[in-house]
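Student: I've got this model open and I'd like to go through it with you. Let's start with single residues and work up to how the helices pack.

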Amino acid sequence: MIDLDEIAATLDTLPNTLRVLLAPFDDATLTARPEPGEWCVLEVVGHLITCDTGAFSERVEAIVAGADQVPSFDAGRALDDLDPMNSTIGDLLDELTTVRARSVDFVRSLTPDAITATAPYGAHGVFAASDFLLEWPYHDQDHIRQILDAVQRHYLPHMTDTMRTALTG
């Protein structure tokens, strides 16, 4: 059985976790791309903001309401519309905190019966509302790993070749 309180509590931790994790870093670190074409930390946080509604709460709400199709979501377009590169990490984390509080309230308003509702999602098949609820903290945790990888790279140039090779192969 899915524990909605656990999901809500897990989702609720993200903004403060990121605020503490990212506080020591300067703008150069937060805007550095780990590799060409990869997101920097500001973009990952922006992505987390836009996904709260478009990829998760709106989809769950639609499925629970009986939608005949899971709504689509264009993560790239949503991120472009937010334009996180013209924001500070503080502003982005404030926005994530606000958006996430609404999302946590939404998750807490759901019932176990409601999240069994299903809807097709194009060629991907049929999904239950619970699928997106479970993906949500998984998605957060995946992006925490991505952020950790990005900020770890901040230290590599300052290490000796021996240590850098020992850590990265």
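Student: Which residues does Leu156 touch, not counting those up to four places away in sequence?

Tutor: Keep in mind that this is a predicted model: local features need pLDDT of at least 70, side-chain atom pairs count only at pLDDT 80 or more, and totals for chains, interfaces and linings use all residues. Residues are numbered from 1 along each chain as its sequence is written, and side-chain values use heavy atoms, with hydrogens and water left out. Leu156 lies in the loop between α6 and α7 (161–168), where helices (H or I, at least four residues) and strands (E, at least two) are DSSP runs numbered from the N terminus. With contact meaning heavy atoms within 4.5 Å, Leu156 touches Arg164 and Thr168.

Student: And how far apart in space are Leu156 and Ile49?

Tutor: In sequence, 107 residues separate Leu156 from Ile49. C-alpha to C-alpha, the distance between the two in space is 29 Å.

Student: Zooming out, what pattern does the chain follow along the sequence?

Tutor: The chain has 7 helices and 2 strands, and its C-alpha atoms fill a box of roughly 55 × 30 × 30 Å along the principal axes. Of the contacts with a separation of 6 or more, 75% come from residues 24 or more positions apart. Read along the sequence, the elements run α-α-α-α-α-β-β-α-α.

Student: Now His47: is it buried or exposed?

Tutor: His47 lies in helix α3. The call goes by relative accessible area: under 20% is buried, over 50% exposed, and in between partly exposed (1.4 Å probe, protein chains only). Since His47 has 6% relative accessibility, it counts as buried.

Student: Which side chain makes a polar contact with the side chain of His47?

Tutor: Leaving aside neighbours within four places in sequence, His47 is in contact with Trp39, Ala75, Leu79, His139 and His143. A polar contact is a pair of N or O atoms within 3.5 Å; within protein, one must be able to donate a hydrogen and the other to accept it, and residues adjacent in sequence count only if both atoms are side-chain atoms. At 3.3 Å, the partner of the His47 side chain is that of His143.

Student: What value does phi of Asp83 take?

Tutor: Asp83 sits in the loop between α4 and α5, and at 34% relative accessible area it is partly exposed. At the other end of α4 (residues 75–82), Asp74 caps the N-terminal end, with a side-chain oxygen 3.2 Å from the backbone nitrogen of Gly76. Phi of Asp83 is positive, in a residue other than glycine, and near 55 degrees.

Student: Which helix gives the most to the largest nonpolar core?

Tutor: A nonpolar core is a set of buried Ala, Val, Leu, Ile, Met, Phe, Trp, Tyr and Cys residues joined through side-chain atoms within 4.5 Å. The largest one has 21 residues, and those with the most contacts inside it are Val60, Val107, Leu110 and Leu133. α1 (4–22), α3 (41–64), α5 (89–109) and α6 (129–152) each supply at least two of its residues. With 5 residues, the helix that gives the most is α3.

Student: How many residues are in the other core, apart from that one?

Tutor: Cys40, Ile49, Ile89 and Leu93 are among its members. The total for this other core is 20 residues.

Student: How do the residues of the contact of α1 with α3 divide into nonpolar, polar and charged?

Tutor: α1 and α3 pack at about 170 degrees with axes 12 Å apart, the axes being lines fitted to C-alpha atoms over the stretch in contact and the angles running from 0 to 180 degrees between N-to-C directions. That makes α1 roughly antiparallel to α3, because angles under 35 degrees count as roughly parallel, over 145 as roughly antiparallel, 65 to 115 as roughly perpendicular and the rest as oblique. Leu14, Leu18 and Leu22 of α1 meet Val41, Val45 and Leu48 of α3. Counting Ala, Val, Leu, Ile, Met, Phe, Trp, Tyr, Cys and Pro as nonpolar, Asp, Glu, Lys and Arg as charged, and the others, Gly among them, as polar, the split is 6 nonpolar, no polar and no charged.

Student: And what is the split for the contact of α1 with α5?

Tutor: α1 and α5 pack at about 175 degrees, with axes 9 Å apart, which makes α1 roughly antiparallel to α5. The contact includes Asp12 and Arg19 in α1, and Asp94, Arg100 and Arg108 in α5. The residues divide into 14 nonpolar, 2 polar and 5 charged.
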